[in-house]
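Please walk me through this model in the viewer, one selection at a time. Tell me what to pick next and what is found there.

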Amino acid sequence: MKIEEMITAKRADCSGCAACANICPKNAITMTRDAEGFAYPKINPDLCIKCGRCDATCPALNFQKAIINALPATFVATYQNDKILRHSSAGGVFTALSEIILRDGGVVFGVAFDKNWHVFHTAVRTLDELEKLRGSKYVQSQIGDVYRQVKDALNSTKVLFSGTPCQCAGLKHFLGGDNENLLTVDIICHGTPSPAVWEFYIGKLGQRNEIAHVNFRSKRNGWGSRTEINFFDRAYYASQNSQELYCKLFLRGLSERPSCESCKFKILNGQSDLTIGDAWGVKNFAPEMFDNRGTSVVFVHTPKGADFFGKADLKTQPVKFANAVRSNIHAMVPTTADSRRKDFFADFAKSADKFAVMEKYYYQNDDDIRKAASAQQSRNFRQTLNDVAAQIRKTFKRNILVVTSIPAADAVAKKSLLNQFESDFPGCGVYILQRADAKLVCTENFSLIAFDVKEDNDALNDFAKKYNVTEIFSDNQFDSPVMSEWLKACGLPVKFF
Ligand SMILES: Cc1cc2nc3c(=O)[nH]c(=O)nc-3n(C[C@H](O)[C@H](O)[C@H](O)COP(=O)(O)OP(=O)(O)OC[C@H]3O[C@@H](n4cnc5c(N)ncnc54)[C@H](O)[C@@H]3O)c2cc1C
Ligand code: SF4
Ligand code: SF4
Ligand code: SF4
């Protein structure tokens, strides 16, 4: 398939990464907005020499699913300087990484507002300039010719490129692979809303008075999701993102790019050295790292990423991958678009009163749609986590089953037992089998997926075979004749602790 066919027949495959436009030797491709306001490539036949480089470069046409052999090392982290932490959306990891590059004379590429509050990718070369890249802008950014700029810069200096996962994939495809001077940092990406909706909205707000500052992640009331817009007359407008007109449409999946609903570039696909996001839920899995000024989650994909992350001036703590993604499912699964999405964009495109269209969808009762979308996303997440766990399971040579009398409800004792076995048997699958009410429940150490196991001989044998258990540790206090019999008869080495 070629780009032109894809844009006609499978338009939703195009993420708008602009790798095709950047690679074209004749500048025959213009990224042109459609009726929804998203940019797609348009080829000028008068300039095109049919060299095929655009098709060969497109990450969507040349997509190859990564083979997952291991989960990325996962950390939570916070920047140490109070002012920078408060001005960062999460825990300020982006700034800490960028400082390493800038102090070394390098260039950082990321996303900024222009004077009209439109959103685009740009380069910064000094610590002072870095301020304009700080903070999430919930709009699809315009790439322009930034991949070409990155390529030029790489000839002479170190470069940090930050963007959405599809943009990092676009850059890697444009460059034809990695480069030793390049550090790629992508964000956990919920999806990106239409620039046309944002530009209309901010233009409308700007009619009231000139806008002085836009912050999609104000921390005035602590770390969370709150938009704040300041005007030059000192007035300001602030709202929780779940209630804010523009952000609610985005978060509900009404205004995102079609490709976001089937995104191929989630964290395990290997387009970046590091992935950064908000450490939502950190209070539950690493409470000592919770900071009301923001905590980041970081997934380390490559040795280069590990090297930079290790050098960054951050307070860090390792955490389990499964814990981090559970409270942040869009790290792994695409958003489910709102079923009214098409109608919203059709109304928005044709209506003279676009603000009224936004309000109409904002105020509609969407409880049922929201519940259905959320249930679908949860199912997708469980399925994805199960698929990933199945791939990782195959990589373990040694699988240890720990049979313990600690009840499953005692989360603290379970965590400590798991930690002990994980440190005694690194790189192994560790399965903790416990009683939960009247049944047995087994938890897998790396995925933290819990599944029921029937308490009878055949079921226990099937379980041990399916999960390729190679040895068993039992605390010998498990009050069950069935279990005692099975431990004697299972044919596996059993040790007591
Ligand atoms: C559209 C969008 C959706 C997101 N969805 C999630 C999510 O579902 N879960 C989650 O945990 N985190 C999400 N994030 C990431 C999160 O909001 C923070 O940007 C990230 O954790 C970095 O925070 P920080 O404190 O390290 O640094 P900050 O200083 O806040 O980092 C800003 C970084 O984000 C980049 N950036 C800003 N706007 C854009 C944009 N429009 N497109 C591409 N890159 C951009 C900048 O280049 C810079 O690298 C999203 C960000 C964006 C922009
Ligand atoms: S085929 Fe070659 S010249 Fe034509 S648009 Fe694609 S890259 Fe440009
Ligand atoms: S290279 Fe990017 S913008 Fe161009 S067609 Fe492919 S996905 Fe779309
Ligand atoms: S969700 Fe996927 S396709 Fe959409 S902007 Fe993010 S990375 Fe790109």
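Which residue in β18 does L401 stand opposite? Select both strands to see: the partner of L401 is I472. Keep in mind throughout that this is a predicted model.

**Strand β14 and its partners**

Stay on β14, residues 399-403. Four of its five residues are buried, so the strand is largely enclosed by the rest of the structure. Now add β18, residues 471-474. β14 and β18 run parallel and are joined by four bridges.

Next select β15, residues 429-436. β15 also pairs with β14 in the parallel sense, here over five bridges. To find one of these positions, pick I400, whose bridge partner in β15 is V430. Then show helix α16, residues 411-424. Together, β14, α16 and β15 form a β-α-β unit, and the unit is right-handed.

From β18, move along the chain to N476, in the loop between β18 and α18 (481-489). N476 is not a glycine, yet its phi is positive, at about 60 degrees. Most residues other than glycine have a negative phi. N476 counts as partly exposed because it has 14 C-beta neighbours inside 10 Å, where a buried residue would need 20 or more.

**The domains**

Colour the chain by domain: domain 1 covers 3-57, domain 2 covers 73-386 and domain 3 covers 396-496. The C-alpha centres of domain 2 and domain 3 are 40 Å apart. Five residues from domain 2 and four residues from domain 3 make the contact. On the domain 2 side, α12 (321-326) and α15 (367-393) each contribute at least two residues. By class, that side has two nonpolar residues, two polar and one charged.

**Ligand 1**

Centre on ligand 1 and show the 33 residues around it. Those that come nearest are S88, S89, G110, S162 and G277. Four elements to highlight are α5 (93-103), β4 (107-113), β6 (159-163) and β11 (274-278), each of which supplies at least two residues of this shell. The shell is made up of 18 polar, 12 nonpolar and three charged residues.

Two loops can be reached from these strands. Beyond β11, select A279, in the loop between β11 and α10 (282-285). Is A279 buried or exposed? A279 is buried, because 32 other C-beta atoms lie within 10 Å. Apart from neighbours within four places in sequence, A279 is in contact with V76, A90, G91, T295, S296, V297 and A324. For a distance check, draw a line from A279 to F200: the two are 79 residues apart in sequence and 32 Å apart in space, C-alpha to C-alpha.

The other loop lies between β4 and β5 (119-124), and W117 is found in it. W117, though not a glycine, has a positive phi of about 70 degrees. With 19 other C-beta atoms within 10 Å, W117 is partly exposed.

**Ligands 3 and 4**

Select ligand 3, which has 13 residues around it. C14, C17, A19, C20 and C58 come nearest. This shell divides into 10 nonpolar and three polar residues, with no charged residue.

Finish at ligand 4. Among the residues around it are C166, C189, C260 and C263, and also S15, T164 and R257. By class, six residues of the shell around ligand 4 are nonpolar, five are polar and one is charged.

Definitions and conventions:
Residues are numbered from 1 along each chain as its sequence is written. Chains are lettered from A and ligands numbered from 1 in the order in which they are written. This is a predicted model: local features need pLDDT of at least 70, side-chain atom pairs count only at pLDDT 80 or more; totals for chains, interfaces and linings use all residues. A residue is near a molecule or strand if its C-beta atom, placed from the backbone, lies within 6 Å of it. Ala, Val, Leu, Ile, Met, Phe, Trp, Tyr, Cys and Pro count as nonpolar, Asp, Glu, Lys and Arg as charged, and the others, Gly among them, as polar. A residue is buried if 20 or more other C-beta atoms lie within 10 Å of its own, exposed if 12 or fewer, and partly exposed in between; C-beta atoms are placed from the backbone. Two strands pair if DSSP finds at least two bridges between them. A crossover is right-handed if, with the strands pointing away from the viewer, the path from the first strand over the helix to the second runs clockwise. Domain bounds come from an automatic or database domain assignment. Two residues are in contact if their C-beta atoms, placed from the backbone, lie within 7 Å.
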